[in-house]
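Work through the exercises below with the sequence and the 3D view side by side. Try each task before you read its solution.

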Amino acid sequence: MPHCLLRLFISLLLATATLHAAQPNIILIMADDLGVGELGCYGQKLIKTPRIDALAGEGMRFTQFYSGSPLCAPSRCALMTGKHTGHAFIRDNGEKGHWDWVEEKYDTKFSGQRPIPEKTVTLAELLHDRGYATAAFGK
């Protein structure tokens with residue numbers, strides 16, 4: 001009987017530890033026009049990328065990946081929403097539309113491509129809901 005209780009205790013302890021294990025850090029770098037082999041961690045010898053190489057050395061590297069579109073805006077949309085470009089809101093780099101509502105809502109002049117609809121669920125929102133701090137830099 002004592003062995004059964006010990007086994008139960010250890011099982012509960014391991015299950016609890018697993019539930020409270022630290023989530024992995026995620027740094028997702030998306031760069032326009034950055035081809036395979038242009039970073040040191042993927043074999044580049046001439047261009048030095050020590051910080052990215054260090055990140056790759058401590059984490060995961062993806063070697064079988066492609067963008068959702070040959071254009072930058074729909075590629076970002078596909079990545080952030082998980083939708084195929086045929087189902088995504090942004091399908092080109094166009095700046096068509098009436099954007100006065102952006103200035104009214106955010107008190108700033110709109111410049112650039114149209115935003116995805118506000119109610120669209122993104123990867124960042126899903127990660128945020130699971131306790132991650134999220135941010136976007138650049139484009």
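The exercises that follow deal with a predicted model.

**Exercise 1. Cover of a helix**

Task: Find helix α3 and decide how many of its ten residues are buried.

Solution:
- Step 1. Locate the helix: α3 runs over residues 72–81.
- Step 2. Apply the cut-off: a residue is buried if its relative accessible area is under 20%.
- Step 3. Test C72, which has 16% relative accessibility and therefore counts as buried.
- Step 4. Test C77 in the same manner; its value is 5%, so C77 is buried too.
- Step 5. Complete the list: besides these two cysteines, A73, P74, S75, A78 and T81 are buried residues of α3.
- Step 6. Conclude that seven of the ten residues are buried, so that the helix is mostly covered.
- Step 7. Look just past the end of α3, where G82 has a positive phi of about 75 degrees.

**Exercise 2. A salt bridge**

Task: State how many salt bridges the structure holds, and which residue pairs with E118.

Solution:
- Step 1. The count is one salt bridge.
- Step 2. The partner of E118 is K105, and their closest N and O atoms are 2.4 Å apart.
- Step 3. Place both residues: K105 belongs to helix α4 (100–106), while E118 sits in the loop between α4 and α5 (123–129). They are 13 residues apart, and the pair links distant parts of the chain.
- Step 4. Compare each residue with the cut-offs. Exposed means over 50%, so E118, at 61% relative accessible area, is exposed. K105 has 44% and is therefore partly exposed.

**Exercise 3. A nonpolar patch**

Task: Which residues make the nonpolar surface patch of about 370 Å²?

Solution:
- Step 1. The patch is made by I27, I29, I52 and L55.
- Step 2. Place L55, which lies in helix α2, residues 50–58.
- Step 3. Classify L55: its relative accessible area is 43%, so L55 is partly exposed. A patch residue needs over 30%, and the value for L55 meets this condition.

**Exercise 4. Rings and sulfurs**

Task: How many aromatic pairs does the structure hold, how many disulfides, and what lies over the face of Y42?

Solution:
- Step 1. The number of aromatic pairs is zero.
- Step 2. Turn to the ring of Y42: R61 lies over its face, 4.9 Å from the ring centre.
- Step 3. For disulfides, the sulfur atoms of two cysteines must be within 2.5 Å. The structure holds zero of them.

Note on methods: Residues numbered from 1 in each chain as written. Predicted model: local features only at pLDDT ≥ 70, side-chain atom pairs only at ≥ 80, totals over all residues. Heavy atoms only, no water. Buried < 20%, exposed > 50% of the residue type's maximum accessible area, 1.4 Å probe, protein only. Helix = DSSP H or I, 4+ residues; strand = E, 2+ residues; numbered from the N terminus. Phe/Tyr/Trp six-rings, centres within 6.5 Å; stacked < 30°, edge-to-face > 60°. Lys NZ or Arg CZ within 6 Å of the ring centre and 35° of its normal. Salt bridge = Lys/Arg side-chain N within 4 Å of Asp/Glu carboxyl O. Patch = residues over 30% accessible without salt bridge, like charges linked within 9 Å, V, L, I, M, F, W, Y side chains within 5 Å. Areas by Shrake-Rupley, 256 points an atom, 1.4 Å probe, with all protein chains shown as cover.
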